[in-house]
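Me: Please take a close look at one part of this structure, beginning with a single loop position and working outward from it. I should like one connected account that sets that position against the rest of the chain.

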Amino acid sequence: MINIDTRSREPIYLQLEKQIIKLINLGVYDIDSPLPSVRSMACELGVNPNTVAKAYKELEQQQVIYTVVGKGVYVSVNNTDRIKKLAEEQFKAVLTELKSCGLKREEVIEMVNDLWGGDNND
């Protein structure tokens, strides 16, 4: 389910954070459902356990997940607004970058519509 691009300039822990948020948004992980342990996730992805621990720590600070000592890591109850805020921050960063590259609003809207696919009502 989670794919890490080791050739990307984006740090692995950030890729992991984004993908966990995506899986929560898609309903793969429900509220209060457990995430894989740090060790299990690290083995599955072939990354250092410290990398997974850092991603989990960041997500916990953002209140997307919580830890129950001795039991594991779980999806927070009220994370929908937080996840939307995180997505908005990421989108804002992308828009800022596109603006700095000289793209016009209409070009960006057209790009979003093309990438979104289907009709514009969903």
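Reply: Gln 63 has a relative accessibility of 42% and therefore counts as partly exposed, a class that lies between buried, under 20%, and exposed, over 50%. The model is predicted, and the values below are computed from it. Gln 63 sits in the loop that connects helix α3, residues 49-61, with strand β1. Its backbone is notable in sign: phi is near 60 degrees, a positive value in a residue that is not glycine.

The loop of Gln 63 leads into β1, and the hairpin comes next. Strand β1 spans residues 65-68 and strand β2 spans residues 72-75; the two run antiparallel and are joined by four bridges. Two of the pairings can be named. Ile 65 has Val 75 of β2 as its bridge partner, and Tyr 66 is matched with Tyr 74 of β2. In general, side chains in a regular strand alternate between the two faces of the sheet. Three residues lie between the strands of this hairpin, and Gly 70 there adopts a positive phi near 80 degrees.

Positive phi also occurs elsewhere, in the loop between α1 (12-25) and α2 (38-45), where Asp 32 is placed. Asp 32 is a residue other than glycine, and its phi is near 65 degrees. Asp 32 has a relative accessible area of 38%, so it is classed as partly exposed.

The wider chain gives these loops their setting. Five helices and two strands make up the secondary structure, in the order α-α-α-β-β-α-α along the sequence. Along the principal axes, the C-alpha atoms occupy a box of roughly 50 × 30 × 25 Å. The chain has 122 residues, of which 25% are buried.

Two C-alpha separations help to place the elements in space. Asp 81, in helix α4, is 24 residues from Lys 57 along the chain, and their C-alpha atoms are 19 Å apart. With a relative accessible area of 62%, Asp 81 is exposed, because the cut-off for that class is over 50%. The other separation returns to Asp 32: its C-alpha atom is 34 Å from that of Asn 113, with the two positions 81 residues apart in sequence numbering. Asn 113 belongs to helix α5 and is partly exposed, at a relative accessible area of 30%.

Helix α5 also contributes to two surface patches. One is nonpolar and consists of Phe 91, Leu 95, Val 112 and Trp 116, which together have about 390 Å² of accessible area. Helices α4 (80-100) and α5 are the elements that each supply two or more residues to this nonpolar patch. Val 112 is located in α5, and its relative accessible area of 34% makes it partly exposed. That value meets the requirement for patch membership, because a patch residue must have over 30% relative accessible area.

The other patch carries negative charge and gathers Glu 106, Glu 107, Glu 110 and Asp 114 on the surface. Asp 114 lies in α5, which covers residues 105-116. At 58% relative accessibility, Asp 114 is exposed, whereas Val 112 in the nonpolar patch is partly exposed at 34%.

One charged pair remains to be described. The structure contains one salt bridge. The partners are Lys 18 and Glu 10, whose closest N and O atoms are 2.4 Å apart. This pair qualifies because the cut-off between the side-chain nitrogen and the carboxyl oxygen is within 4 Å. Lys 18 is partly exposed, with a relative accessible area of 34%, and Glu 10 is partly exposed as well, at 25%.

To return to the starting point, Gln 63 is a partly exposed residue in the loop between α3 and β1, and its positive phi is near 60 degrees. The strand that follows this loop, β1, is paired antiparallel with β2.

Technical notes
Residues numbered from 1 in each chain as written. Predicted model: local features only at pLDDT ≥ 70, side-chain atom pairs only at ≥ 80, totals over all residues. Heavy atoms only, no water. Patch = residues over 30% accessible without salt bridge, like charges linked within 9 Å, V, L, I, M, F, W, Y side chains within 5 Å. Areas by Shrake-Rupley, 256 points an atom, 1.4 Å probe, with all protein chains shown as cover. Lys, Arg positive; Asp, Glu negative; His and termini not counted. Charge placed at Lys NZ, Arg CZ, Asp CG, Glu CD. Buried < 20%, exposed > 50% of the residue type's maximum accessible area, 1.4 Å probe, protein only. Pairing = 2+ DSSP bridges.
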